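Q: I'd like a close look at one part of this protein, and then a sense of what surrounds it. Could you take me through it step by step?

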Amino acid sequence: MKNYIIIFLMAFAFNLSFAQISVKGKITNNEGIPIFGATIAYSEKNIEKSGGTISNEDGTYNFELSNTGSYLLTVSYIGTKITSFQKEFTQLTDYDLGTLVLQEIVEQLQSVEVTGRLRTDYNSEYSFSATKVAIKNKELPQAVATVTKELIDDRLAFQLPDAVKTVSSVSATGLYNHYNIRGITQADDGQMLNGMRTRQYYFLQPITSHLERVEVIKGPSSVTFSSADPGGTVNMVTKKPLTEKRSSISFTAGSFGTLRATADFTGPLNDSKTLLYRFNAAFQEADSFRDVVNNNAILISPSFSYIPNENTSLNVEMIYNNAEGNLDRGQPIFGAINGEYDLNSTPISRNVGASNDHYKTKELIFMANFGHKFTENFGFNAQFMKQTWNEDLAEHRVDGTAVDIDGNVIPTLARMRYDQRQQFWETDNFSTYFNYDIKKGNITNKILVGYDATRWERQIGAGFLRARRYLTVSGGQANYDPSNPDNFQQMAVDGVTMPVPAVPHFNLENPFNGARNTNSYNLAELFIPANLNTSNGIYIQNQFKVGKFSALLNLRYEWFTDIFNYKVDEEEFTTSALVPRIGLTYEVTKNISAYATYLEGFQPHTNTVSLSPTAEGFFWSASPSRFDPLESSLTEIGAKGEFLKGKLFANLAIFNVTQKNLLLGDTYDLDNLTTRGEQRSRGFETDISGYLLSNLQLTMSYAFTDATIEEDAIEEYIGERIGGAPKHNANVWGRYDFHSNTILKGIGFGLGAQYVDERYTWYNPTYDTGRVLLPAYTIFDGALYYKPNNTGIQLTLKANNLFNETYWLGGLNPSRLGPGAPRNVLLNATYKF
């Protein structure tokens, strides 16, 4: 009998060990509509057991637990607030948790952006920068494309050009932080940061670890940003503090000696959550597929937000960015043979730099945002930014083609130039406005009146040492004149007589990139005059809505002062402009709106010449402000829509951009410069992003651009395509995660492709009119993700240029092409806690 009892007890215990608790329930939104694809995760208290599932099409779910105990249940879904609660499961029985209602996230459109974005997907619903105040993108009568930090992270886009390449009508012009947008090549090297103008973000590509999102605001937005490029403006928005604690660290290693680390910590500093903080830091050490090129950087960015009540808010932040690398001027190819250039005459790794070249920049930015509401309808906002930026450069670069004593081109030799340069910049921005909102019935009227001021100064002490061109008999340096060879020193190489260069030629067939003795160069000492540029703008904006119809009206008056050779032998120039914007929007349905807009833009040429080699002489010898500003205009019609209950966002735009008063002429003859250039770009574009399925998120874009030169100093260019402008470009990126109820739970993959049509190099002075047509390319990228349930860890293996395509991003001229990277791999580990 005892044996039977023992057997019975053992069987009972065995049965208990395999008995399970069945849990079921249902998930709906606040309108009672079932949610498909919500994630239900569970973890047992004090025991490392966890799991999860997703809801079905009717919102129901079920899962099984192997033990009784106390469990933490967390329910999440895109666009809703995360819900967590503790549940005791004390019996081996079935549990019905009933219906759980997830509340939609209604992002409060702050008057000043002092707290971070709550959404964690590829979409951002609003922009502050396009209108000074928060406005939902679907209500804005202008195309704005946003790259969120989630898309940046999924694609491991650690530098800005990698982030924005998914946006329609945006293509890189080469290896710098420089773009062609809607067929127009950027002329201003100052990037926007939180809607405020910086200086010198051009050469080394900025890292993205401290960015919440990157906005590309299409068209000449001078009504908002003062001096603004006609094609569009890239605005970097930094991460702001959150009211909930979040922490993450990540480490990356990869091809070309890449090592990276980032940290991001945020949360409240007190129980009342009136004082918030965020701390971002990043480190990068990376070489390149390009010879003797690297890009190392350290970034530290703390920020604090103080929100004592619903009427007052303050955010302060600082960015310290110390970058050191090489100024990669691009790949040179052999000179034209029988009038044709051969892109494959040199490998894409070819660089003329020396191992003792360097490019160092140090930047410090302080920003403050303050907002206060005096009444429910009347408010005040102010924003300030100060930036200091120092540059230390030593570089060898191509200065043109080498020639023999008769002036014949020697295609295998590159004529060289050497520069040592230092500059010191200081920039101040200030923006303030009052806003007054009126609402009566179905009529709303939002009036804004403001004032902006910008001051940038290239400080005294800037200058450079330079060796270039050919040595004259008297010991000077000059362009070679084959009609007067006796004026130049001569040498014979392999039986060929040629003038003696100031810097030894670079042999493209037998390259040398080691350290070079620059003490032997005949360096000329030149100084860069100090320059003070100030701008002031007053503006009024009125956004009103009557039923389904709304309008956005702006008028801005701006006046500029440029003082060349500041504090020495000053030359002062002034100019002014009146800039309008008229935008109309009609709500076709609850989710679709149509719009039309007209706006204008302008740029004083003090802000355009530093990226225009045609006018580089003004860099040190004269003020470009003596010329009429570059003027532009945009006409645009389009439609915007939200689909799949707000999970998918799409926009379509048809545009026409014109710009005139481009500086044209000869860099060696400043008196012949003129502002008679004109360009036009027209086309259409579309951007789509969001969730197609609960576990499939994607972003897609396409653009067709017909960008032509209407007036130019080089007559054969008139009617031809603008340099750097592809007719077609298209992008797609998607991430798919396997459901947690499959054997592949925790695994996901990403796949993307980019197509860019053929385009010309973008710089063509009158003394060297050769353009290179760069071929179209299609490249594919892929990623594999592994995210163990409830661990906070994600591993990412990313492969760029999967099929090892040889391609060129863009190019300045035949001596400065920007090849794309061959196949490369990155391995990233991120831990969120």
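A: Two strands count as paired here if DSSP finds at least two bridges between them. With that in hand, keep in mind that you are looking at a predicted model.

Let's begin with an open sheet of 5 strands, which runs in the order β10-β16-β17-β14-β15 with mixed pairing. The edges belong to β10 (144–148) and β15 (196–197); each has a single partner strand, so one side of each is left without a neighbour in the sheet. For β10, the pairing with strand β16 (residues 211–218) is antiparallel and covers 5 bridges. If you want a place to put your cursor, try Thr 146, which stands opposite Glu 215 in β16.

What does this sheet have to do with the interior? The largest nonpolar core has 31 residues, and those with the most contacts inside it are Leu 160, Val 164, Val 214 and Val 234. Strands β10, β16 and β17 (232–238) are among the elements that give two or more residues to this core. Helices α2 (149–154) and α3 (160–164) are contributors too, as are β12, β23 (358–373) and β46 (777–786).

Leu 160 is a good residue to zoom in on. Leaving out residues up to four places away in sequence, Leu 160 touches Asn 177, Tyr 179, Gln 191, Pro 206, Thr 208, Leu 211, Val 214, Val 234 and Met 236. Two names on that list, Val 214 and Val 234, also appear with Leu 160 among the residues with the most contacts inside the core. Elsewhere there is a second, separate core of 17 residues, which includes Ile 21, Val 23, Tyr 61 and Val 75. Tyr 61 also belongs to a cluster linked by ring pairs, together with Tyr 42, Phe 63, Tyr 71, Phe 89 and Tyr 95.

Back at the largest core, two of its contributing strands lead us into other pairings. One is β12, which sits in the middle of an antiparallel open sheet of 3 strands in the order β11-β12-β13. The edge strands there are β11 (170–172) and β13 (184–185), each pairing on one side only. Strand β12 (residues 179–181) is joined to β13 by 2 bridges, and the two run antiparallel. Ile 181 has Ile 184 in β13 as its bridge partner.

The other is β46. Over 10 bridges, β46 pairs in the antiparallel sense with strand β43 (residues 747–756), and Ala 753 stands opposite Phe 780 in β46. Strand β46 is also joined by 5 bridges to strand β47 (residues 793–800), again antiparallel. In that pairing, Tyr 786 has Leu 795 in β47 as its bridge partner. The hairpin of β46 and β47 has 6 residues between the strands, and Asn 790 takes a positive phi near 55°.

How far can you trust each piece? The average pLDDT of the protein is 89, and 94% of the residues score at least 70. Among its elements, β46 has the highest mean pLDDT (98), while helix α1 (residues 2–18) has the lowest (47). Please be careful with residues 7–18: pLDDT stays under 50 there, and the model has 1 contact beyond four places in sequence for that stretch.

A few side-chain details round off the picture. Aromatic pairs number 28 in this model. One of them joins Tyr 736 and Phe 738: their ring centres are 5.3 Å apart and their planes stand at 90°, so the pair is edge-to-face. Both rings belong to partly exposed residues, with a relative accessibility of 23% for Tyr 736 and 27% for Phe 738. Charges meet rings as well. The charged end of Arg 155 sits over the ring of Trp 733, 5.8 Å from its centre, and Arg 771 lies over the face of Tyr 717, 4.6 Å from the ring centre.

Finally, here is a residue from another strand. Asn 321 lies in strand β22 (residues 312–325). Because its relative accessible area is 12%, Asn 321 counts as buried. Beyond four places in sequence, Asn 321 touches Ala 297, Ile 298, Leu 299, Thr 361, Lys 362 and Glu 363.

How values were computed:
Residues numbered from 1 in each chain as written. Predicted model: local features only at pLDDT ≥ 70, side-chain atom pairs only at ≥ 80, totals over all residues. Heavy atoms only, no water. Phe/Tyr/Trp six-rings, centres within 6.5 Å; stacked < 30°, edge-to-face > 60°. Buried < 20%, exposed > 50% of the residue type's maximum accessible area, 1.4 Å probe, protein only. Lys NZ or Arg CZ within 6 Å of the ring centre and 35° of its normal. Helix = DSSP H or I, 4+ residues; strand = E, 2+ residues; numbered from the N terminus. Contact = heavy atoms within 4.5 Å. Core = buried A, V, L, I, M, F, W, Y, C linked by side-chain atoms within 4.5 Å. pLDDT = per-residue confidence, 0-100.
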